[in-house]
Structure formats: structure tokens, C-alpha cells
Amino acid sequence: MKLLEDRILRDGIVKPGNILKVDSFINHQMDIPFINELGREFKRRFADSVITKILTIESSGIGIACIAAQYFDVPVIFAKKAQSLNLDGEMYIAKVESFTHKRVYDVILSKKFLTEQDHVLLIDDFLANGCALMGLMEIVKQSGAVLEGAGVVIEKGFQKGGQMIRDMGVHLESLAIVENMTDDSLTFRGDN
Ligand code: 5GP
């Protein structure tokens, strides 16, 4: 998506450790008209899917998911992060290894908000090694809901997550795929 690629080139900052900071417009300060265009694009890319809920993970995914949800006209649910939890019958629980924080944590979702009647679209800000999306997919699996696909704003194509999730047959849409990044250059894959 050219609008997104141009904005990353203009305002994105590459940090050591393969981290791309987009906190001036996506995940700290949020440019709402801009994110609104991302939401519209997610709807265009999943126009053929019947979606009943959008599932994301706290915290950076929530704002994006809420804006996208207005195009899908469905509720947003978000998995909460918890340091560690005893199993509780009323919760779906999955383990996620954080790329940015380098630790393993549980993500939880109340069972009452996701059932086998649901058709779910996952939304997140970044896709790196795929751990966050895998955790959300595990929650969807536990619920018996149908996974319709996953939409991420920025995929880091040089990390393994995108390939792994596509290989699982999931309909994955990334609005921009960063092919390569260094302090002074950033390239994108194909035309997204
Ligand atoms: P994964 O679980 O796919 O390895 O990483 C995805 C999660 O880590 C996202 O939810 C995102 O919050 C965070 N993340 C991964 N890479 C980056 C990055 O380069 N920049 C930022 N800001 N967050 C990232």
C-alpha cells in the first residue's frame, strides 16, 4: 500500500535489533485519518470474507482494530496479556513469546466473547516471527470459531512469521512488507 510505504519511509525509524519504530503515526501517537485509510484497505482486501469479530492483542493492535472494525461493522475483542495465570475454565489461554520484550507471556480471552459461531479476522500492527498471531490463532482454535484471515499493517518480510503463517494456509494480508532495513535504507517487497 503506497500510502503506508511512503509514510514509513518518511517517518519510520530503524532501531538496533531489527526494530522499526512507527510510533509517531501508528503505535504511540496515532494519525487517525491515516489509520482510517488502513482500515478501509483491510476491508477491501477481506471484502469476500464474512467476518463476525475482529480479534487483536493488547496494546498496539487495539486502536487499529477499532478503526478497521467500523468498516466491517463488527465488535473488536482483544486478548489481554498476563505475566502468568492459573488455568481458568472461563478463559481461552495461549502462550506468546514477545519479539520486542523477549519474554513469554500468556494471552487470555474470556470464553463468552468468542464461540464456534464466529468468523474471525485477526488484526495486528506488526508481523515479525509470528508469535503474536500464532497465539491469537491458538485462541481461535480453542474457541471452535472459523479463522477467516489475518491482516497486519507491517510485515517484516526478512523474519519468518509471514512465510510460516501463509504456509499454514491462512489468508494473510500485510499492507506493507519490509524486505530489508538498515539505518539508512529500507526496501519493500513488490507492490502492496
Ligand atoms: P511477532 O510476534 O510476529 O514476532 O511480533 C509481532 C509483535 O511484536 C507485534 O505485536 C508488535 O507489537 C511487536 N513488534 C515486532 N516487530 C516490531 C517492530 O519492528 N517494531 C515495533 N514497533 N513492534 C514490533
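Reader: Where does the ligand sit?

Author: Happy to start there, and please keep in mind that this is a predicted model. The protein covers 89% of the 500 Å² of accessible area that the ligand has on its own. As for its place, the ligand sits in the largest pocket.

Reader: Which element gives the most to the shell around the ligand?

Author: Three elements give two or more residues to that shell: β2 (19-21), β7 (119-127) and α4 (131-143). With 4 residues, the one that gives the most is β7.

Reader: Which residues are the closest to the ligand?

Author: The ligand has 16 residues around it. Among these, the closest are Leu20, Asn129, Gly130, Ala132 and Lys156.

Reader: How many Å separate a polar side-chain atom of Asp124 from an oxygen atom of the ligand?

Author: Let's look at two aspartates here. For Asp125, an N or O atom in the side chain is 3.4 Å from an oxygen atom of the ligand. For Asp124, the distance from a polar side-chain atom to an oxygen atom of the ligand is 2.9 Å.

Reader: Is Asn129 buried, partly exposed or exposed?

Author: Asn129 is found in the loop between β7 and α4, and one of its backbone N or O atoms lies 2.8 Å from an oxygen atom of the ligand. Buried means under 20% relative accessible area and exposed means over 50%. The relative accessible area of Asn129 is 24%, so this residue is partly exposed.

Reader: How far apart in space are Asn129 and Gln159?

Author: Along the sequence, Asn129 and Gln159 are 30 residues apart. In space, their C-alpha to C-alpha distance is 5.6 Å.

Reader: Why is strand β6 described as largely enclosed by the rest of the structure?

Author: Strand β6 covers residues 104-110, which makes 7 residues to check. The strand is largely enclosed because the number of its residues that are buried is 6 of the 7.

Reader: Which strand pairs with β6 over 7 bridges?

Author: Two strands are worth a look. Strand β4 (residues 76-82) runs antiparallel to β6 and is joined to it by 3 bridges; there, Lys81 has Val107 as its bridge partner in β6. On the other pairing, Lys95 stands opposite Asp106 in β6. The strand that pairs with β6 in the antiparallel sense over 7 bridges is β5 (residues 91-97).

Reader: Which residue in the turn between β5 and β6 has a positive phi?

Author: β5 and β6 form a hairpin, and 6 residues lie between them. In that turn, a positive phi of about 55° belongs to Lys102.

Note on methods
Residues are numbered from 1 along each chain as its sequence is written. This is a predicted model: local features need pLDDT of at least 70, side-chain atom pairs count only at pLDDT 80 or more; totals for chains, interfaces and linings use all residues. Side-chain values use heavy atoms; hydrogens and water are left out. Buried means under 20% relative accessible area, exposed over 50%, partly exposed in between (1.4 Å probe, protein chains only). Two strands pair if DSSP finds at least two bridges between them. A residue is near a molecule or strand if one of its heavy atoms lies within 4 Å of it. A polar contact is a pair of N or O atoms within 3.5 Å; within protein, one must be able to donate a hydrogen and the other to accept it, and residues adjacent in sequence count only if both atoms are side-chain atoms. Accessible areas come from the Shrake-Rupley method with a 1.4 Å probe; for residues, only the protein chains shown count as cover. On a 1 Å grid over the protein atoms alone, a cavity is a set of points where a 1.4 Å probe fits but cannot get out, and a pocket is an open set with protein on both sides within 12 Å along at least five of seven lines; lining residues have an atom within 4 Å of a point. A molecule sits in a cavity or pocket if more than half of its atoms lie within 2 Å of its grid points.
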